[in-house]
Structures are given as C-alpha cells and as structure tokens.
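Let's take a walk through this protein, starting with the overall fold and then zooming in on a few spots. Keep the viewer open as you read.

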Amino acid sequence: MPRGPGGRVIDLATVARHGLAGAPDPELGPVEATAWTRLVQEATNQRLTGLLVAMVLDGSLDPTDAQEASLVEAHRNALARDLLVERTVLWAVGCLDASGVDHRVLKGTATAHLDYDDPGLRSFVDADLLVRADQWDRAVAALEEGGARRESREPRRGWDRQFAKCVTLTTPDRYEIDLHRTFVFGPLGFTVRLPDLWAGCEEFALGGRRVRALDREARWLHACFTAAAADVPARLVSLR
C-alpha cells in the first residue's frame with residue numbers, strides 16, 4: 001500500500017469511503033512520489049479518481065504540483081470516457097423510445113447522477129440498460145435497426161428472454177451496450193423478482209433530456225448483486 005510521511009498507510013479503501021457518513025476524516029498530508037504514482041494508477045483502475053480529486057480539494061491530501069497535474073490528467077481521461085458512455089446511453093434510449101420499449105438506465109451512469117452529489121465523483125465504463133423480459137426481442141431489434149450488432153448469438157431462439165442476464169451489443173461507433181434482463185447470471189438471477197423492478201423509477205437529466213432509472217431500493221439491490229457476484233475481488237466502487 002502507498003505510504004505517506006510517518007509510515008501512515010494510504011490505501012484505496014480510504015479513498016473509496018471518502019465522504020461517506022461516519023467515515024473518519026483522514027489527515028494524510030503529502031505522499032511520496034512513487035507511492036503517489038501507484039495511488040493514481042490504482043484509483044484509475046478502480047474508477048475512484050473523482051474521489052481522489054475530492055480528497056485533494058478538501059485538504060486530506062497535499063500533492064506537489066506535478067502530482068496534482070498527473071491526477072488531473074487521469075481524472076480528465078475518466079470524465080471523457082464517462083461522456084462517451086453517456087452519449088451511448090442516450091443513443092440506446094433513443095432507439096428504445098422510438099420502438100416503444102420500456103427501459104431503465106442501470107449501474108454507473110444512473111448511480112453517478114442519482115446517488116452522488118457530483119456525478120464527476122463516480123466514473124463508469126459501460127452503457128447498461130434494463131428492459132422487460134416480454135419486450136426483449138423488440139428491444140434487441142430496436143438497437144440492431146439503429147445499427148448495433150450483437151457480440152454473440154442466442155443458444156436457441158427465445159433463450160435470452162428466459163435465462164440471460166444480459167447481451168452485449170456494439171454501436172456503429174464501436175461502443176458497447178449491455179442490455180439486461182436481470183441483475184446476475186445463473187441461479188441467483190432467478191431470485192430477482194423482475195416485475196418488482198418496474199414498480200417505480202427515478203428520473204435524471206442526461207444530455208438535455210430526462211431518462212429513467214431504477215428506484216433507490218432497486219439500485220441498492222443491484223449494487224449488492226454487483227459487489228457480491230460480478231467481480232472477484234469486488235471493485236471498491238461497487239462496495240461503496
């Protein structure tokens with residue numbers, strides 16, 4: 001783990017819990033050059049550069065000018081990627097709306113805008129949307145008619161709308177969309193009561209339009225599934 005002066009440990013868990021209710025206020029001060037480089041790299045991999053920037057802004061960390069510049073560059077790259085993902089989300093939403101397919105924006109994009117004070121604190125890498133199982137074929141067709149292409153075929157016709165967690169489609173400009181039926185693969189996926197996910201929703205503004213996401217309880221449930229079953233070990237951004 002990167003260490004600051006006096007041997008104090010500066011780990012990514014400290015970054016991930018920054019700003020949460022009840023989290024201790026770290027007084028970490030300056031960070032040695034090699035440790036800082038590793039910290040920025042790990043924060044980038046864990047999608048935590050926004051929170052690392054917040055720690056600098058509130059004085060929890062005191063980087064040199066060169067160190068701060070390296071963090072700004074890393075976070076600017078993350079934000080640029082976020083904007084490209086948001087553009088992909090809006091493209092997919094437009095295709096689904098035009099075909100009358102109900103949908104919800106999932107995961108990082110929705111979480112950043114609904115559960116953080118500043119969406120720039122929460123980076124993400126994928127465009128994720130949920131559609132109803134009984135509208136699955138129409139949803140896939142809507143995206144394909146817009147120019148997206150599936151990465152893999154169904155094992156047999158109708159399999160996806162009964163058993164799949166999601167399918168990945170690539171847009172004409174080569175960005176990926178994960179189209180979800182449920183939260184997780186396999187037996188755990190059948191523990192999710194799919195009709196309950198559509199009982200409510202929350203909206204947020206994205207690119208000048210209103211888009212729909214899951215309600216707060218369903219977002220929390222999805223975060224639990226993601227933290228427990230998606231990545232091993234779990235990403236700190238998911239645990240947060």
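Helices here are DSSP runs of H or I with at least four residues, strands are runs of E with at least two, and both are numbered from the N terminus. Counted that way, the protein has 10 helices and 7 strands. Its radius of gyration is 20 Å, close to the 18 Å that the globule rule gives for 240 residues, so the protein is as compact as a globular protein of that length. Bear in mind that what you're looking at is a predicted model.

If you drew a box around the C-alpha atoms along the principal axes, the box would be roughly 60 × 35 × 30 Å. For a feel of the distances inside, pick N77 in helix α4 and D160: they sit 83 residues apart along the chain, and their C-alpha atoms are separated by 35 Å. N77 has a relative accessible area of 48%, so it counts as partly exposed. Buried residues make up 45% of the 240. As for the contacts with a separation of 6 or more, 65% of them come from residues 24 or more positions apart.

So what sits inside? In soluble globular proteins, nonpolar side chains tend to be buried together. The largest nonpolar core here has 28 residues, and the members touching the most other members are L96, V105, L129, L143 and L179. Two or more residues each come from α4 (65-98), α5 (107-114), β2 (127-131), α6 (136-145), β4 (166-170), β5 (176-180), β6 (202-206) and β7 (209-213). The biggest giver is α4, with 6 residues. Click on V105 to see its surroundings: leaving out residues up to four places away in sequence, V105 touches V89, V93, A110, D128, L129, F204, V211, R212, A213 and L214.

One of those partners, A110, is among the buried residues of α5, along with G108, T109, T111 and A112. Together, the buried residues of α5 pack against α4, β1 (103-105), β6, β7 and α9 (216-229).

Now head towards the N-terminal helices. How do α2 and α3 pack? The two helices meet at an angle of about 135°, with their axes 8 Å apart. That angle makes α2 oblique to α3. On the α2 side the contact is made by W36, L39, V40, A43 and T44, while α3 brings T49, L52 and V56. By class, that's 6 nonpolar residues, 2 polar ones and no charged ones.

Between these helices, in the loop, you'll find L48. Is L48 buried or exposed? Its relative accessibility is 0%, so L48 counts as buried. Beyond neighbours within four places in sequence, L48 is in contact with L12, V15, A16, A43, L236 and V237. The C-alpha atoms of L48 and S70 are 14 Å apart, with their positions 22 residues apart along the chain.

One last stop is H18, in the loop between α1 (12-16) and α2 (33-45). Despite being in a loop, H18 has a relative accessible area of 13%, so it is buried. Not counting residues up to four places away in sequence, H18 touches L51, A54, M55, D58, S60 and R240.

Definitions and conventions. Residues numbered from 1 in each chain as written. Predicted model: local features only at pLDDT ≥ 70, side-chain atom pairs only at ≥ 80, totals over all residues. Heavy atoms only, no water. Buried < 20%, exposed > 50% of the residue type's maximum accessible area, 1.4 Å probe, protein only. Contact = heavy atoms within 4.5 Å. Axes fitted to C-alpha atoms, helices over the stretch in contact; angles between N-to-C directions. Parallel < 35°, antiparallel > 145°, perpendicular 65-115°, else oblique. Nonpolar A, V, L, I, M, F, W, Y, C, P; charged D, E, K, R; others polar. Core = buried A, V, L, I, M, F, W, Y, C linked by side-chain atoms within 4.5 Å. Rg over C-alpha atoms; globule rule 2.2 N^0.38 Å.
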